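Colleague: Hi! Could you walk me through this one? I'd love to start with the pockets.

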Amino acid sequence: MNEPSDPGALALSGYASVFGVTDHSGDIVVAGAFARSLAAGGAGRIRMLFQHEAGEPVGVWDEMFEDARGLFVRGRILSAGPRSRAARSLVAQGAVDGLSIGFRTVRSRPRPGGGRVLTELD
């Protein structure tokens, strides 16, 4: 179903996760970790949140896929709602310039010295 376009939406795209890079928790995501989850529903089932606030989505994800570098995402911060307007403004002004994702670990293994190798994520 095609929804009406939002002329005030702010488009964004980039890598939500990069493969083979140790994160702040000592975890490393491997290529293919998102494949099963993406095949099960793709971008349409993932909510775009601001500051991980689940009660108030701020936009929609139009596309998600894995490539050789990582999990690439493309979406829009919508113009409706106070949280959306605030998020859109902060991103447009450069005050927010990063992306954080939440995920559920399906399969992982410990890394020597700490952290995990994340092999399947939802």
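Modeller: Happy to, and bear in mind that this is a predicted model. The lining of the second largest pocket divides into eleven nonpolar, three polar and two charged residues.

Colleague: Nice. How much space lies in the second largest pocket?

Modeller: About 310 Å³.

Colleague: And which residues lie nearest its centre?

Modeller: Of the 16 residues that line the second largest pocket, Ala 16, Ser 17, Val 18, Asp 23 and Ile 101 lie nearest its centre. The elements that give two or more residues to that lining are S1 and strand S2 (28–29).

Colleague: Which element gives the largest share of that lining?

Modeller: S1, with four residues.

Colleague: OK, on to the largest pocket. How much space is in there?

Modeller: About 900 Å³. Its lining has 34 residues, and the closest to the centre are Leu 49, Trp 61, Leu 99, Ser 100 and Ile 101.

Colleague: Which elements give two or more residues to that lining?

Modeller: S1, helix H1 (35–41), S3, S4, S5 and H2. S1 gives the most, with five residues.

Colleague: How does the lining of the largest pocket divide into nonpolar, polar and charged?

Modeller: There are 21 nonpolar residues, nine polar and four charged.

Colleague: Switching topic: what about the sheet that S1 belongs to, what's the strand order?

Modeller: That one is an open sheet of four strands, ordered S1-S5-S4-S3, with antiparallel pairing. Strand S1 (10–18) and strand S3 (47–48) are the edge strands, each pairing on one side only.

Colleague: How many bridges join S3 to S4?

Modeller: Two, and S3 runs antiparallel to strand S4, residues 59–66. If you want to find the spot on screen, look for Arg 47, whose bridge partner in S4 is Val 60.

Colleague: Got it. And where does helix H2 lie?

Modeller: Helix H2 (residues 82–92) lies across S1 and strand S5 (70–77), and runs at about 120° to S5.

Colleague: What about the sheet with S2 in it, is the pairing antiparallel or mixed?

Modeller: Mixed: that is an open sheet of three strands in the order S2-S7-S6. S2 and strand S6 (105–110) are at the edges with a single partner strand each, so one side of each has no neighbour in the sheet.

Colleague: How many bridges are there between S6 and S7?

Modeller: Five, with S6 and strand S7 (residues 116–121) paired in the antiparallel sense. Along that pairing, Pro 110 stands opposite Arg 116 in S7.

Colleague: Great, thanks!

Definitions and conventions: Residues are numbered from 1 along each chain as its sequence is written. This is a predicted model: local features need pLDDT of at least 70, side-chain atom pairs count only at pLDDT 80 or more; totals for chains, interfaces and linings use all residues. Side-chain values use heavy atoms; hydrogens and water are left out. Two strands pair if DSSP finds at least two bridges between them. Contact means heavy atoms within 4.5 Å. Axes are lines fitted to C-alpha atoms, for helices over the stretch in contact, and angles run from 0 to 180 degrees between N-to-C directions. On a 1 Å grid over the protein atoms alone, a cavity is a set of points where a 1.4 Å probe fits but cannot get out, and a pocket is an open set with protein on both sides within 12 Å along at least five of seven lines; lining residues have an atom within 4 Å of a point. Grid points are joined across faces, edges and corners, and a volume is the space filled by probe spheres set on the points. Ala, Val, Leu, Ile, Met, Phe, Trp, Tyr, Cys and Pro count as nonpolar, Asp, Glu, Lys and Arg as charged, and the others, Gly among them, as polar.
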